[in-house]
Amino acid sequence: TVCQGSTANFTTTASGTGPFSYAWKLDGTPIPGTGNSNAIDTTALGLGAHTVEVTVTGACGSVTKTAALNVQENTTATELLPQTVCQGSTANFTTTASGTGPFSYAETLDGTPIAGTGNSNAIDTKALGLGAHTVEVTVTGDCGSVTKTAAPHVQENTTTKDILPQPICTGT
């Protein structure tokens, strides 16, 4: 079992009366390889089960052996959406992981790890300064990890000064 894009290595050991020749097949189709081992690049293979077969021929006959090759999907995740929020509001970030799990999530805010709740996180902006910040979520699965980034922008809340009473003179 390998992740898509990896190399799957297969080896056999022949015995009996040689010399030996080797004929390799992948899903019934001949593939290059003339020795007792074969490295199969899985980049172009579909996900799921495949069959690798080698036929070893010697002076006194031939024998065929098969092995299963399972190609798993690499870890991916959807993009985080950028957000502009007012200071004190909550910025919500969500990503959806795909590939071969289970998945784990590691999140940072401006480079500092923060507690996350899996694929989504609500960030309270009360303590954040105004302006741009960086949120990163790293999703790790059986077939690698991927990091997604978003830039929440914290805006200043609307304020006003109190209206001061004005003394006025009659006729003005």
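A compact globule of 172 residues would have a radius of gyration near 16 Å, but this protein chain comes out at 31 Å. Keep in mind that you're looking at a predicted model. The C-alpha trace tells you about the outline too: along its principal axes, it spans about 125 × 25 × 20 Å.

What is the chain built from? Its secondary structure comes to 18 strands and zero helices. As for how much is tucked away, 28% of the 172 residues count as buried. Now take the contacts in the chain with a separation of 6 or more: 63% of them come from residues 24 or more positions apart.

**A sheet to trace by eye**

Let's pick out one sheet. Five strands form it, in the order β1-β7-β6-β3-β4, and the sheet is open, with mixed pairing. Its edge strands are β1 (2-3) and β4 (29-31), each of which pairs on one side only.

Try following β6, which covers residues 48-58. With β3 (residues 21-26), β6 pairs in the antiparallel sense over six bridges. With β7, the pairing of β6 is antiparallel as well, this time over eleven bridges. How many residues does the hairpin use to join β6 to β7? The link runs through two residues.

You can find particular partners across these strands. Here are three residue pairs to look for:

| Residue | Partner | Strand of the partner |
|---|---|---|
| Y22 | V56 | β6 |
| A23 | T55 | β6 |
| T55 | T64 | β7 |

Notice that T55 turns up twice: A23 stands opposite T55, and T64 in β7 is the bridge partner of T55.

**A threonine in a loop**

Next, find T12, which sits in the loop between β2 (7-11) and β3. Is T12 buried or exposed? T12 counts as buried because its relative accessibility is 16%, and the cut-off for buried is under 20%. Leaving aside residues up to four places away in sequence, T12 touches Y22, N36, V54 and V56. Two of those names should ring a bell, since Y22 and V56 are bridge partners.

**The largest pocket**

There's also a pocket to look at. The largest one holds about 160 Å³ of space. Sixteen residues line it, and the closest to its centre are A14, S15, F20, V56 and V63. So V56 shows up again here, among the residues closest to the centre of this pocket.

Which elements give two or more residues to the lining? They are β6 (48-58) and β7 (61-72). The biggest contribution is from β7, with four residues. Sorted by class, the lining has nine polar, six nonpolar and one charged residues.

**Over to β17**

Finally, move along the sequence to S145, found in strand β17 (residues 144-150). Which residues does S145 touch, not counting those up to four places away in sequence? The list is T75, T138, V139 and T140. You can also compare S145 with Y105: in sequence they are 40 residues apart, while in space their C-alpha atoms are 9.5 Å apart.

Methods. Residues numbered from 1 in each chain as written. Predicted model: local features only at pLDDT ≥ 70, side-chain atom pairs only at ≥ 80, totals over all residues. Heavy atoms only, no water. 1 Å grid on protein atoms, 1.4 Å probe; cavity = no way out; pocket = protein on both sides within 12 Å on 5 of 7 lines; lining within 4 Å. Points joined across faces, edges and corners; volume = space filled by probe spheres on them. Nonpolar A, V, L, I, M, F, W, Y, C, P; charged D, E, K, R; others polar. Pairing = 2+ DSSP bridges. Buried < 20%, exposed > 50% of the residue type's maximum accessible area, 1.4 Å probe, protein only. Contact = heavy atoms within 4.5 Å. Rg over C-alpha atoms; globule rule 2.2 N^0.38 Å.
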